Amino acid sequence: MALSEKSKKTQDHVLKTTRAILMANGFHNTTINDIIKATGVKKGNLYYHFSSKEEICLAV
């Protein structure tokens, strides 16, 4: 199933923002709530695109 343009933009935003957080704080010091706060993406929407913090970090 192909992602819509909006979904692709959301994923790209989450990955770019998470990369910056990980570089600053490291994996263990970064929480899913840190990612939600920094991206502005609601928790339900984040979990629609990624099943866990680990999945987001692997995609980064």
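**Close-up views of a predicted model**

**View 1. S4, at the start of the chain, and its contact with S7.** S4 is placed in the segment before α1, where helices (H or I, at least four residues) and strands (E, at least two) are DSSP runs numbered from the N terminus. The model is predicted, so that local features need pLDDT of at least 70 and side-chain atom pairs count only at pLDDT 80 or more, whereas totals for chains, interfaces and linings use all residues. Residues are numbered from 1 along each chain as its sequence is written, and side-chain values use heavy atoms, with hydrogens and water left out. With a relative accessible area of 39%, S4 is partly exposed; here buried means under 20% relative accessible area, exposed over 50%, and partly exposed in between (1.4 Å probe, protein chains only). The side chain of S4 reaches the backbone nitrogen of S7 at 3.1 Å, a polar contact being a pair of N or O atoms within 3.5 Å, of which, within protein, one must be able to donate a hydrogen and the other to accept it, while residues adjacent in sequence count only if both atoms are side-chain atoms.

**View 2. The salt bridge between D12 and K8.** The closest N and O atoms of D12 and K8 are 3.2 Å apart, and the count of salt bridges comes to 1 when the rule asks for a side-chain nitrogen of Lys or Arg within 4 Å of a carboxyl oxygen of Asp or Glu. Both residues lie in helix α1 (residues 5-25), 4 residues apart, or about one turn of the helix. D12 counts as partly exposed at 37% relative accessibility, and K8 likewise counts as partly exposed at 39%.

**View 3. T30 in the loop between α1 and α2 (32-39).** T30 is buried, with a relative accessible area of 1%, and its side chain reaches the backbone oxygen of G26 at 2.7 Å. Not counting residues up to four places away in sequence, T30 touches I21, L22, N25, I35 and K53, where contact means heavy atoms within 4.5 Å. T30 and K53, although 23 residues apart in sequence, are 8.8 Å apart in space, C-alpha to C-alpha.

**View 4. The largest nonpolar core and the buried residues of α2.** The core has 10 residues, namely V14, L15, I21, I32, I35, I36, V41, L46, F50 and I56, and the elements that give two or more residues to it are α1 and α2; such a core is a set of buried Ala, Val, Leu, Ile, Met, Phe, Trp, Tyr and Cys residues joined through side-chain atoms within 4.5 Å. Leaving aside neighbours within four places in sequence, V14 is in contact with I35, T39, V41, L46, F50 and I56. In α2, I32, I35, I36 and T39 are buried. Seen down the axis of α2, these buried residues fall within an arc of 100 degrees, so they line one face of the helix, the arc being that of the directions from the helix axis to the C-beta atoms. They pack against α1, α3 (43-49) and α4 (53-59), and just after α2, G40 takes a positive phi of about 80 degrees.

**View 5. Residues 31-50, annotated by UniProt as "DNA-binding region" (unreviewed entry).** Over residues 31-50 the chain is 75% helix and 0% strand, with the end C-alpha atoms 14 Å apart. UniProt positions are given in the numbering used here, feature names are shortened, and annotations may be inferred rather than shown by experiment.
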